[in-house]
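Here is a short briefing on selected local features. Please keep the sequence and the structure open while reading.

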Amino acid sequence: MTHQWTRREDERLLTGKGRYVADIEVPDCLDAVFVRSRSVAHGLLRSVDCRAAREVPGVVGAWSAADLTDMPSCAHAAAELQDLPPVPHTVLAELSSDEVVAGREWPALVKERVRYAGEAVAVVLGEDRYRAEDGAAEVTFHVDPLPAMVTPSAAASDETLLFEGLSNIALRGETGTPVEDEVWQEAAAVVEGRYRQNLLMPTPMECRTILAVPEEDRLTIWSGHQMPHRLRREMAALLGWSQDQIRVVVPDTGGAFGGKSASFPEFVVVAFLAVKLRRPVRWIEDRLESMLVATRGRGQDQRARLAADADGRLLAYELHIDADVGAYPHLGVGLPMQTAWMATGAYRTPQVHSTVRSVLTNTMITYPYRGAGRPEAVIALERCMDMMARKLGIDPAELRRRNFIPPGAFPYPTPTGRTYDSGEYARALDLALETVEYGAWRAEQARRRNDPTAKPLGIGLSCYVERSGGEPGGLHEFGSIEVGTDGVITARCGAASSGQSHETVFPALVAKTLGVDEQRVRLIEGDTDQQPEGLGSFASRTAQVAGAMLQHASRLVIAEARQRAATLWDLPLAEVEWADGTVHAAHDGSAAMDVSELVKATGPLRVEDRFETGMAFPFGSHVAVAEVDPELGTVELLKVVTVDDCGVVLDPAIVRAQAFGSAIQGIGQALYEAIPYADDGTPLLANGLLDYLLPTYTEVPPIEVKDTCTPSPSSPLGAKGAGESGCIGLPAAIVNAVVDALRPADADLLQMPLTPDVVWRAARAPKLEEDR
């Protein structure tokens, strides 16, 4: 019996036939192992001795920064890219300008000062990974410790500077206009909160990878990467080569979640040594290494204040952000502006003001992680909304309804500078409440509050708006469609899949547009030789931007085929039609030809173009029902409902899977995940994933995924991003549910992750006045 696979990728990936960077066999390949400052997070590097490592059998070489004086830093690539086309995330890249980076360059290997635990001080190359590890164990080095700062609040004082003569505050920004004092003084109700957005790890199944293979005057780089064309540009700049001399190939990739879109120090070292030695060099990050030095997500200290009138109409909202951006100003330095820009949420609030300080700390850099700035905005605002509902005695759902931006107000310019494209926020909330059976759970909650033996029950809501597609300057994609004489239609795209089902969705979209069988269409992406230009996969842009590009290119194929047929048959263009992959004469049908036959008659048919869309703003409402055990401090999610609106859905099953997967990651942030640090700045992760808890199948509650459809006018497909919804909307709903169950007088006691210790302490704190 032949198995019917759900996706094209499934047979290869589920039967062990996937080809990842670690599976690629290259003759004469060396393995790289990095020697890291694991026990010191901040200090002066006094010496590195690689001599003993070089004597280990099978070790080809061992180097510190002092041995590779001509090796560029990560910042060198950014400087060399000034005259090249804009890189993705244009607005954020501008925020990470030369002024911010100057004097704070990120070295490929530590030269003088260690600034985060795990920073590499040396590299060892061996004939295989085992010999390289043996050699790395023989490298000795000495670091004089300095005080370490692992929170933005501590580092912002500048008592200890990460870079001499430069403030730890790398960037200041704001959105909106400061709220006048009279608004706060005259409001019927004002609530305030302080929130810590826990520092997270993306934790994909496959860690970071790179294989650099020199060939004559070219270098081929294999990497599980989200932006192959960006990696090509930056590697070319680092080596002083032309982009034509670099080929980047993205094979099968085991997840990314935002953490595989940069040129990391390890990548610089591997590429540099491959060229220097004229031998292939590979680095495969292991799990403990990844937990130490892979990119971080979130990491904000927030102060929020919300004002409303007696009827619950919002008057003003302000949000102050101190963001942990890690030890070096990279893309993450501008990332907190996403939180500031999205501070308005789903509500028509007349005055909104947000300020940002991006603060350097002794941690690995903060970088986009699934949601990238939007979860932080939603959590602060939605926690304030629940506090306001309690203060005014209004049901949390009703308070949100009263303040939603109405459907007729779109496109809606927010006070923070965004322009929302479309939305029906009340419809998503109503569906969520109906699905979860909101009234029944409220009744059960009331019953339990009158039963001293019953475990407390809470219902938490969260309504969110996010941004998808990217920022202005990065809302386009490149691609082509080629028709072969054998009937095969090849679609090429500048995106790169790390698990988002591109092989299934894109050919189906092209086939639907052309009216042909899906099996005729094949996809090529993630190869800079096959597709010379592209941006990549990030910011939930695949369907909205890359999909629209492929639809556009398919329509160009139809237009070209009609024109060729009209010329071949000596007919006016208006009399030639396209249907189901064929061209035919409109009136009598005497002339008809499959497009592959047309190619045989008229020559190769390939169209390529650049296509641009606008920003889109997906939205939704999430509800969590939580039961709390006050004696153990445990939280059990009895039911979770997510209702998301990502506009027009291209593949319902895949979008549903994306919503489900991101919801599980949202649960992880709310209940389990955080990077614990010792006082000296070293992360307490010696036991791997036993010290950094991820939700497993055992912890996954009943999750019901629903959707509404409000098409986006910004893309011809009407699609909005779908990949990040659960990370954005669900954490706030879970925290609100636990607050609703325990009702502590000081809700700020409940900070993520809601571990048993946090919940146990909140359960013993003073309660709200009406609960006493």
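**A buried charge**

Glu376 is buried but forms no salt bridge; Arg298, the nearest side chain of opposite charge, is 4.5 Å away. A salt bridge would need a side-chain nitrogen of Lys or Arg within 4 Å of a carboxyl oxygen of Asp or Glu, so the pair does not qualify. This is a predicted model. The points below add the setting of Glu376, then turn to a four-stranded sheet, cysteines, backbone geometry and two buried aliphatic residues.

**Around Glu376**

- Glu376 belongs to helix α13, which covers residues 374-392.
- Beyond its neighbours within four places in sequence, Glu376 contacts Gln197, Arg298, Gln300, Gln302 and Thr339.
- Arg298 therefore appears among the contacts of Glu376, where contact means heavy atoms within 4.5 Å.

**The open sheet and its helices**

- What is the strand order in the open sheet? The 4 strands run β18-β26-β27-β28, with mixed pairing.
- The edge strands are β18 (457-465) and β28. Each has a single partner strand, so one side of each has no neighbour in the sheet.
- On average, neighbouring strands of this sheet are turned by 15° against each other, direction ignored.
- β18 pairs with β26 (residues 619-629) in the antiparallel sense, over 9 bridges.
- Within β26, Ala624 is the bridge partner of Gly460.
- Helix α15 (residues 425-436) packs on the sheet. This helix touches β18, β26, β27 (634-645) and β28. The direction of α15 makes about 30° with that of β26.
- Helix α21 also packs on the sheet, with contacts to β18, β26 and β27. The direction of α21 makes about 150° with that of β18.

**Cysteines**

- How many disulfides are there? The count is 0.
- Cys207 is in no disulfide; the nearest cysteine sulfur belongs to Cys727 and is 18 Å away.
- Cys207 is buried, at a relative accessible area of 7%.
- Why is Cys646 not bonded to Cys709? The sulfur of Cys709 is the closest cysteine sulfur to that of Cys646, but at 7.7 Å it is too far for a bond. The cut-off for a disulfide is 2.5 Å between sulfur atoms.
- Cys646 is buried as well, with a relative accessible area of 8%.

**Backbone geometry**

- Most residues other than glycine have a negative phi, and most peptide bonds are trans. The following residues depart from those patterns.
- The peptide bond from Phe410 to Pro411 is cis, with omega near 0°. Pro411 sits in the loop between α14 (396-403) and β16 (412-413).
- A cis bond also links Met752 to Pro753, with omega near -5°. Pro753 is in the loop between α21 (725-742) and α22 (756-763).
- Asp158 has a positive phi, near 65°, although the residue is not glycine. The loop between α7 (152-155) and β7 (169-176) holds Asp158. Asp158 is partly exposed, at a relative accessible area of 26%.
- Thr203 has a positive phi too, near 55°. Thr203 lies in the loop between β8 (189-200) and β9 (209-215).

**Two buried loop residues**

- Is Ile405 buried or exposed? Ile405 counts as buried, because its relative accessibility is 1%, and the limit for buried is under 20%.
- Ile405 is in the loop between α14 and β16, the loop that holds Pro411.
- Ile405 and Tyr347 are 58 residues apart along the chain, with their C-alpha atoms separated by 5.3 Å.
- Leaving out residues up to four places away in sequence, Ile405 touches Gly345, Ala346, Tyr347, Arg348, Phe410, Tyr412, Tyr420 and Tyr425. Phe410, one of these contacts, is the residue before the cis bond to Pro411.
- Leu685 lies in the loop between α20 (652-672) and β28 (703-707). Leu685 counts as buried, with 7% relative accessibility.
- Which residues does Leu685 touch, not counting those up to four places away in sequence? The contacts are Met201, Leu288, Met291, Ile675, Pro676, Asp691 and Tyr692.
- The C-alpha atoms of Leu685 and Val576 are separated by 67 Å, and these residues are 109 places apart along the chain.

Note on methods. Residues are numbered from 1 along each chain as its sequence is written. This is a predicted model: local features need pLDDT of at least 70, side-chain atom pairs count only at pLDDT 80 or more; totals for chains, interfaces and linings use all residues. Side-chain values use heavy atoms; hydrogens and water are left out. Buried means under 20% relative accessible area, exposed over 50%, partly exposed in between (1.4 Å probe, protein chains only). Lys and Arg count as positive and Asp and Glu as negative; His and the chain ends are not counted. Two strands pair if DSSP finds at least two bridges between them. Axes are lines fitted to C-alpha atoms, for helices over the stretch in contact, and angles run from 0 to 180 degrees between N-to-C directions.
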